[in-house]
Structures are given as structure tokens and as C-alpha cells.
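Please read the following report alongside the sequence and the model. It moves from a sheet of strands to the division of the chain and then to its two ends.

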Amino acid sequence: MSQITVSMPDGSTRSVPAGTPVRDVAAGISPRLAREALAAYVDERMVDLSHPLETDAALTVVTPRTPGALELYRHSTAHLLAAAVTALFPEAQCGIGPPTEDGFFYDFIVHRPFVPEDLAAIEEKMLELAKRDLAYERKMLPKADAKAYFAGKGEPLKVQLIEEKGGDVVSCYTIEDAFIDFCTGPHVPSTGRLKAFKVLSSSNAYWKGDAANQPMQRIYGTAFFKRSALDEHLARLEEAKKRDHRKVGRELELFTFHHWAPGAPFWLPKGALLYGLLSDYMRGKLSGGGYQEVRTPLVFNKRLWETSGHWDHYRENMFLVESEQEPFGLKAMNCPGHMLIFASQVRSYRDLPLRFADQGVLHRQEASGVLSGLTRVRQFAQDDAHCFVAEDQIGAEVERLLALVDGVYTDFGLRYTTELSTRPEKYLGEEATWDRAESQLRQALEAAGRPFAVSEGEGNFYGPKIDFHVMDAIGRKWQCATIQLDYQLPQRFNLKYVGADNAEHRPVVIHRAIFGSFERFIALLIEHYAGAFPLWLAPVQAVVLPIADRHAEYGESVRQQLAAAGLRAELDARQEKIGYKIREAQLARVPYMLVAGDREAASGAVAVRARGRGDQGAQPVGAFIEAALDEIRRKAPAVND
Ligand SMILES: [Zn+2]
Ligand SMILES: [Zn+2]
């Protein structure tokens, strides 16, 4: 038998007979490695431990610490889930079961939706199958045989997948007698390796995510190498559930939805107030910064979208209407309208940078099945702006934008990370132009003195970009701000400015938003603050609580003083016990509760209770107002309980 040479990551080599399974090489290195091995990379390709080595190769044994190991582990757990589901629901048809960022899911066609008791039973069954330590084994079947096999098992979706994706010989995996699936693998060697997993929830889904296809039930789960990591994750999920903006938004009466307008929030008075605060805040941030606010139409003739390129590439995501036999599209982004404004006048180099800000309403056609709270909506608005610059102004403009982004996130107490995405493989324009643009972005980022990551090749086809990810209070990342260079749109709209040389030049446009969409940013703020907004953002900043009926009049006079000073205050003059009123105000996350009784009424004072800080003692009304206004001016962070 011929020998082959296997080179290891530490540079050492081993000579083994051709056909030796990866597992044996690992075992030859150390018993510990054999115990921890889950799979292996052979020349960068991840394979099962049973994979036979036929030629010289570079080998990296995959242990829990290897990149990609967790995805392998979670995907293997998804198979275990499907094995449990098919054991308990023999009629279930299996779809697909990929790993996700936080775990995995598997889709099934079943007679009825899963209920929580089902999920508990499924997890129980998974534990049982894990305990039996059943082997994952790869079986290579001729395509026709594989199709016939899955057809006979009543798995038409698998037959379809094999037809679409399978080669002449099809890779299938068994978990001994418990389960068989069409899958390219790899997987962990046996179910006994799966130590810490949890079935989390189920939801409606569609085959291939398309509402035109068969309805399915998706089961979500998660898995970790260690029990402690799973427990931490579950605690984080529990915390996230408490902060869920859909729940908190309902409790705080910020917004609601109706099935007649899917994905389009109704902003209730307090929510509309918050929305307005953010909108005004952003206007304030831009004022004096050379921005000019514009308003553009909601409905545009198809010709605009053809010019911008959206008709070819984005039409399915747009709401289309007809008027006088002409097709129109609802505005899905502001850029094309801003191009028309730029083109509406002769522009000179002296006009640049020219910055148009627009908080206009946008509509995007999202499948109703994926709509979720304020984070996946059909109607929204962005704190959008387009900066038209000369090519040599890119760096300075981006530097200004970086400072603006930093200032905004600092005001909200949000930490963030920055990422530069460079020229992708498929790009439009000249390589030299890209190089100049990227180096200007880099220099701007370096000048800003903030650390940034570089995602090589992840830029848009029309230009490089800088993305910002905001970290919320429980460590989750939200993609918010973006700064995107665009050489294409000015070309499509044939934009020009007259240069100092009297010749015509093409401007570069920078698309940028800092909140992203107001809707999503409000969702982020609700979850970040858990509904307990800092004073400057709280829809109701103070509630005056008269102790008895006879203090109601004094309470109202306090409320009026607060209102006159510009504070958002309410009076709770209901004939309820003071303790009850305080509890309700706390549930509503009102920052200040101002109790008014005999003593306070006699001295023109209020007894101040601060959310998260408790009793602050009695203060003259004027002193409270001064302190509150100062807290608002400083945009002081919330103190949470
Ligand atoms: Zn698989
Ligand atoms: Zn844009």
C-alpha cells in the first residue's frame, strides 16, 4: 500500500498509508486530540473524521476551538432535532436545517403547528438519542437511488433538493437507524458529542422562504460546547425577551399594528412624540453642518427607477401603482429623487460639497411572513442624506461624517464598531478610482483615531463603504449607520458640475444615514434602555401624584409649572392609593414621580422619587425644574433599576 504525507499545522509531517481515516491520524497524535476531534480540515475543506486520506494533504483536526467548529456542531444538532421530530411525528416531511448565528433551525411540513409540549417532547427525544451515542455515517448513493429512496419515505422536498443540488452520486447521512438525510456534511462523529443544546421555539415558515410555496413549521434551537455557555446564552435570551421592543412598545403605548397595514407601524401619541424628538434631534445635529433639508415625491414614474437601475434590480421590493396607464413605483429610497434635484440646476465646484437631507417616508415590499415589529417593516423613514462631492473632497467629507456618527452615538450612550468594506470581485468603474477612494476612506478613518476592521471585497459594486455596528446594553450588535461611496448613480443621472477649470466634471455621491431607519433605531433604543429612556428622551418625563383629593389642585399647579418650563409632565389625580399610583408610574418607566401632600402643598415643594434611584426627598418645585432641565441639557444617561 502506498504511503502519503500529511502535514500538520505546527509544520510537522506524518507518513501514513493511503486510505487512513482522519480519525486515526488524530489518535496517532494524542489521546486528547482523539477525544476532542469533531472533524478535520483537509486542505481547507472540512470533512468527517471517517474521511479517508488518499493523497498528500495539509490536515487540521477540528476541535471546539477551531473556527467553524460551532457551525458544524450546531448543524449536527439540527440533524438530531430532525431525527427526534420524525420519530415523534412520522408524517413530518423534512426541509432544510442549517446553522445560524445563534444556533440552528430545521423546517418541517406537519399536519398542525407545533405547540410548546411538542417542543419539550422533541428535546427529550433528542437527549435520549444523544445518550445512545449514535454514529453519523456518510452513504454515497446514485442519484436515482437516492431520489427513489426519499420518495418512498414520503419526503418529496428531499427529492426536490436532490434533483436540484445532487450530482451523479449523492451524499446522504444516517444517524444509525434513527434518521437519514440528504446532506453534503460534514458532521460530528456521533450524537454523544452533542452535550448542550436546547429547543427554543417554533414559527411559521415557507419552503425556500417563499410565501407562494408550501407552509412549513420552523423549529429553532441552539447548541454550545459547554453547558455553562448554553446557560449564559439562555439567560441572555431571557433578558432580550424582557426587552423585546414589541412587548415594551405595547406596554409603554408607543406603537401598534393592524393587519390591514402589514409592516406599517401606527405611532401612538407617546411613540409619535419619541419619533418627533429623534427627528428634531437629528435636524439639530445637522444644522450648521451645511445640510439642506429637502422633500421629494412619494410616487415616481417607472422611468426614474429605470434610470437609477432599481427597475431592473429592485422591482420585486417595490410597491407598484398605475396612473393614466403609466406604471409608477412608491419611493423605496431617497437617492434617485436627490439626483433629480442636483440635476435641476447648473452646479459649480463652489457649490460642493452639496448635502441634501431627507426624512421622507419610504416603502419596501417585504414578504408579510418576515415582517417583525419595527425591525422588519414595509413603511419607514431614514435620517438620510446624500453628499455630492468632488473626488478630492471624499476624505474630508468622510472625516466630518465620522465625527458626526461618533457625536450621535455618544449622545445615546451607544458603543459601536467600524468596518471598512473594499472593492468586491465584481465592480463597476476604474480600478484606479477605487484605489483613490479607498485610500481616502482609510486616511479619514485613521485621522478619526478609532479602530476599524477591514472587510476585503465586501464593498458595494458601485463603491466602497463604511458600516457601523452599534452594541446594545446586552451585547447584541445592530447594523445602523452607513457611509457609502457611489460613482454609478451620478453617471446614470448624468450629473455634472463646472470645475475651476471651466470644464464639466462628475461628482461622487455619498449615501449616508446614522440612525439608519427611525423605526429600527427606536427598536434598538427601546431594547437598549429596556424602555427606561433617559430623561431627554422619555415621552413622559415626570408625573405629579397628589396623595389625596385635596392635593389635586396643587398637583395641577405643579404640572403647569413643569409644562411652562418645557417639561413633559402628567398629573395622576385618580382616587387611588399613592402606593398604587407610584407602582403604575414605575411600570410606565417614568423618570420622575413627584408626590404632593399637605407638607409639599404648604411649602411649594414636591417629594421626588427618581426611577432607579428611589426617594430623593422634598425639593422646591423650582429647584426640581432646574435640575431636570440640566439633566436634559447634558443628555444624562438613564439610571436603571
Ligand atoms: Zn447535515
Ligand atoms: Zn442613497
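## Terms and basis

Two strands are said to pair if DSSP finds at least two bridges between them. Helices (H or I, at least four residues) and strands (E, at least two) are DSSP runs, numbered from the N terminus. This is a predicted model, in which local features need pLDDT of at least 70 and side-chain atom pairs count only at pLDDT 80 or more, whereas totals for chains, interfaces and linings use all residues. Residues are numbered from 1 along each chain as its sequence is written, and chains are lettered from A and ligands numbered from 1 in the order in which they are written.

## A three-stranded sheet

Three strands, in the order β18-β20-β19, make up an open sheet with antiparallel pairing. Its edges are formed by β18 (299–301) and β19 (320–323), each of which pairs on one side only. On average, neighbouring strands of this sheet are turned by 40 degrees against each other, direction ignored; axes here are lines fitted to C-alpha atoms, for helices over the stretch in contact, and angles run from 0 to 180 degrees between N-to-C directions.

Three bridges connect β18 with β20 (residues 326–330) in the antiparallel sense, and Val299 has Leu330 of β20 opposite.

## Division of the chain

The chain is divided into domain 1 (3–62), domain 2 (69–234), domain 3 (290–296 + 331–525) and domain 4 (542–633), with bounds that come from an automatic or database domain assignment. Taken over C-alpha atoms, the centres of domain 1 and domain 4 are separated by 71 Å.

## The sheet with β1 and β7

An open sheet of five strands follows the order β2-β1-β7-β4-β5, and its pairing is mixed. The edge strands, β2 (13–17) and β5 (45–47), each pair on one side only, and the twist averages 35 degrees from one strand to the next. Within this sheet, β1 (residues 3–7) and β7 (residues 57–62) are parallel and share two bridges; Ser7 has Ala58 in β7 as its bridge partner.

## Strand β31 and its partners

Five of the five residues of β31 (residues 542–546) are buried, so this strand is largely enclosed by the rest of the structure; buried means that 20 or more other C-beta atoms, placed from the backbone, lie within 10 Å of the residue's own. Ala542, Val544 and Pro546 point one way from β31, while Val543 and Leu545 point the other way.

Parallel pairing over three bridges links β31 to β32 (residues 569–571), where Glu570 is the bridge partner of Val543. β31 also runs parallel to β33 (residues 592–596), joined by five bridges, and Pro546 stands opposite Ala596 in β33.

Technical notes
Buried ≥ 20, exposed ≤ 12 C-beta atoms within 10 Å, placed from the backbone.
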